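Visitor: I should be grateful for a close look at the interior of this protein and at the elements that build it. Please proceed from the core outward to the neighbouring loops and helices.

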Amino acid sequence: MQKMNVDWLVQAAPAEWVRPPESELLVSWIAASLSEVRPGCLYLELIPGTADEAAAKGAAAVISDRVKEEENYPLAVCKCAPYDALCGIAGWYRRQFHTRVVAIAGANGKTTVREMLYRILSTAMKTTRTHWEQNIDLGVPETLLGLDADDRCAIVEMGFTSPGSFKRFGKICRPSAAIITGVGGAHTGTLGSRQDILNERLSLTDSMSAGDPVILCADDPMLYDLKSDIWGDVVYYGIDTPCDVKGTIVREERDSTVMDISSYGKTTRVHLSLPGRGNCYNALAAFAAAVMMGIREETIRSILEEFRPLPGRLSLMTTASGVTIIDDCWTSTPDSMKEAAAYFARFNGKRKIAVLGSMEDLGGESIAAHRAAGRRIAQAGADLILACGVHAQDIAEGAAPFSRTRVHIFSGANEIAQYLRTDRKRGDVLLFKAGRNTHLEGVIRYVYHDQGLQRVSESAEK
């Protein structure tokens, strides 16, 4: 963040000084949690009761939604919730720059598309993006607050937080382009229906100009033929449906995929070191956005071919004892579960074991989705399913017709870890798949940390 007069930030919140600083105060850092406090920063008190500690750690001023009578540090009181004040400041700060913002939303693949596009655009211009450590609520405003005058492009990943969040994020980001990877069924528990999910995601485009590109997956039936419903220049990518940027899968192998990408009369063959159709869609989304931003096809191809699976997303791991692990535990939705099952089916092992947790926020679709997950994993050749979470029994019921597949139900991930710790065999193939709240990555580390656990290929951040 560039140095800013704190008075301007207080006005942007909007807030009013209760105890103004004694002299002009410039800040180059805004902290929204105690762990981010640096000496001389402005602190937004999102968690009540933390302002005093922030000031003790060196915060030069505080914005809160309540007056603190007995303290003497500079304090401004906002006229809204502190989180809304943070978004207000982020939106004002973003408008100080001519940076092109690319917003990415959707059911699956957001982070992979973000990283692909970041690396492509970075070859031609100074680019920033949402970072790994930023959580969903703070990721968008903190990404905007990290802009500086040299940034020509910012890639902002947007996840669902609450109804209206995409409209808010779109308003503060003012995207120059948007990518929506799919609608999916996640968040039907909160929003009510897939149509409501679609409307929520599309609302991020409300603040875009008429000529700004909105890049959509043509193979998602809810996104196809939406040109009349979107304020923007719609560009479609896909595999099965006629579209602007079309992929043709030439060859699929266990660890790689060869795909021809046809775009505006030109075809580019790309050798992806990534498995599965899902990653083909991710590459197509990044390709479509990069072409729209003037990057040469050969440059895009080169970067895509260098890209490797991100941790937790169909990423292969091995141990010195001959165990193969498919790490797909970053998140879990019905679509990504289907993709994981198809990938799991390609593997042969002495034992094929699937470690599954519950998918989250599916509402009325939860039972059917988890039964389908159990069925698909059994059909993929699982000898054993280790399930935990509130829908573990539904997973078991889905796998029940397949006599080859045994299912054990556990109360949680820790119990699965204890079980696997005493049952590790050379030649096992294990799939780990669950929603983020299950934290299966910790199970992998606990069970195999003493067996030379190593990622086969990892796309390290640059």
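Guide: What follows is an account of the nonpolar interior, one helix pair, one further helix and several loop residues.

The model is a predicted one. Its largest nonpolar core has 101 residues, and the members that touch the most others are Leu42, Ile63, Ile89, Met158, Ile179 and Leu304. Helix 9, residues 276-292, supplies the largest share of this core, with 11 residues. A second core of 26 residues is separate from it and includes Leu314, Tyr343, Ala354 and Val429. As a general matter, nonpolar side chains in soluble globular proteins tend to be buried together.

Leu304 is a convenient point of entry. Apart from residues up to four places away in sequence, Leu304 touches Met116, Ile120, Val270, Leu272, Ala283 and Phe287. Two of these partners, Met116 and Ile120, also appear in the contact between two helices: Met116, Arg119 and Ile120 of helix 4 meet Ile300, Ile303 and Leu304 of helix 10. By character, the residues of this contact are five nonpolar, one charged and no polar. Packed helices are described by the angle and the distance between their axes. For helix 4 (residues 110-121) and helix 10 (residues 297-306), the axes come within 9 Å and cross at roughly 130 degrees. The two helices are therefore oblique to each other, and helix 4 passes helix 10 in a right-handed crossing.

Beyond helix 10, the chain leads to the second core. Leu314 is found in the loop between helix 10 and strand 17 (315-318), and Leu314 is one of the members of that separate core. The backbone at Leu314 is notable: phi is near 50 degrees, a positive value in a residue other than glycine. Most residues other than glycine have a negative phi. Leu314 has a relative accessible area of 6%, under the 20% limit, and is therefore buried.

Tyr264 offers a contrast in exposure. Tyr264 too has a positive phi, about 50 degrees, although it is not a glycine. Its place is in the loop between strand 15 (257-263) and strand 16 (266-272). With a relative accessibility of 51%, Tyr264 counts as exposed, because the limit is 50%.

Helix 11, residues 334-344, also belongs to this account, since its residue Tyr343 is included in the second core. The buried residues of helix 11 are Pro334, Ser336, Met337, Ala340, Ala341, Tyr343 and Phe344. They are covered by elements that include strand 17, strand 18 (324-328), strand 19 (351-356), helix 12 (366-379) and strand 22 (428-433). Pro334 of this helix is in contact with Met359, Leu362 and Ala369, leaving aside neighbours within four places in sequence. The C-alpha atoms of Pro334 and His370 are separated by 8.1 Å, although the two residues are 36 places apart along the chain.

Two loop residues elsewhere complete the picture. Ser176 lies in the loop between helix 6 (165-173) and strand 11 (177-180), and at a relative accessible area of 17% Ser176 is buried. Ser176 touches Arg94, Thr99, Arg100, Val101, Met208, Asp212 and Pro213, not counting residues up to four places away in sequence. Pro14, in turn, lies in the loop between helix 1 (6-12) and strand 2 (15-19). The peptide bond that joins Ala13 and Pro14 is cis, with omega about -10 degrees.

How values were computed. Residues numbered from 1 in each chain as written. Predicted model: local features only at pLDDT ≥ 70, side-chain atom pairs only at ≥ 80, totals over all residues. Heavy atoms only, no water. Core = buried A, V, L, I, M, F, W, Y, C linked by side-chain atoms within 4.5 Å. Buried < 20%, exposed > 50% of the residue type's maximum accessible area, 1.4 Å probe, protein only. Helix = DSSP H or I, 4+ residues; strand = E, 2+ residues; numbered from the N terminus. Contact = heavy atoms within 4.5 Å. Axes fitted to C-alpha atoms, helices over the stretch in contact; angles between N-to-C directions. Parallel < 35°, antiparallel > 145°, perpendicular 65-115°, else oblique. Left-handed = near helix turned anticlockwise from the far one by under 90°. Nonpolar A, V, L, I, M, F, W, Y, C, P; charged D, E, K, R; others polar.
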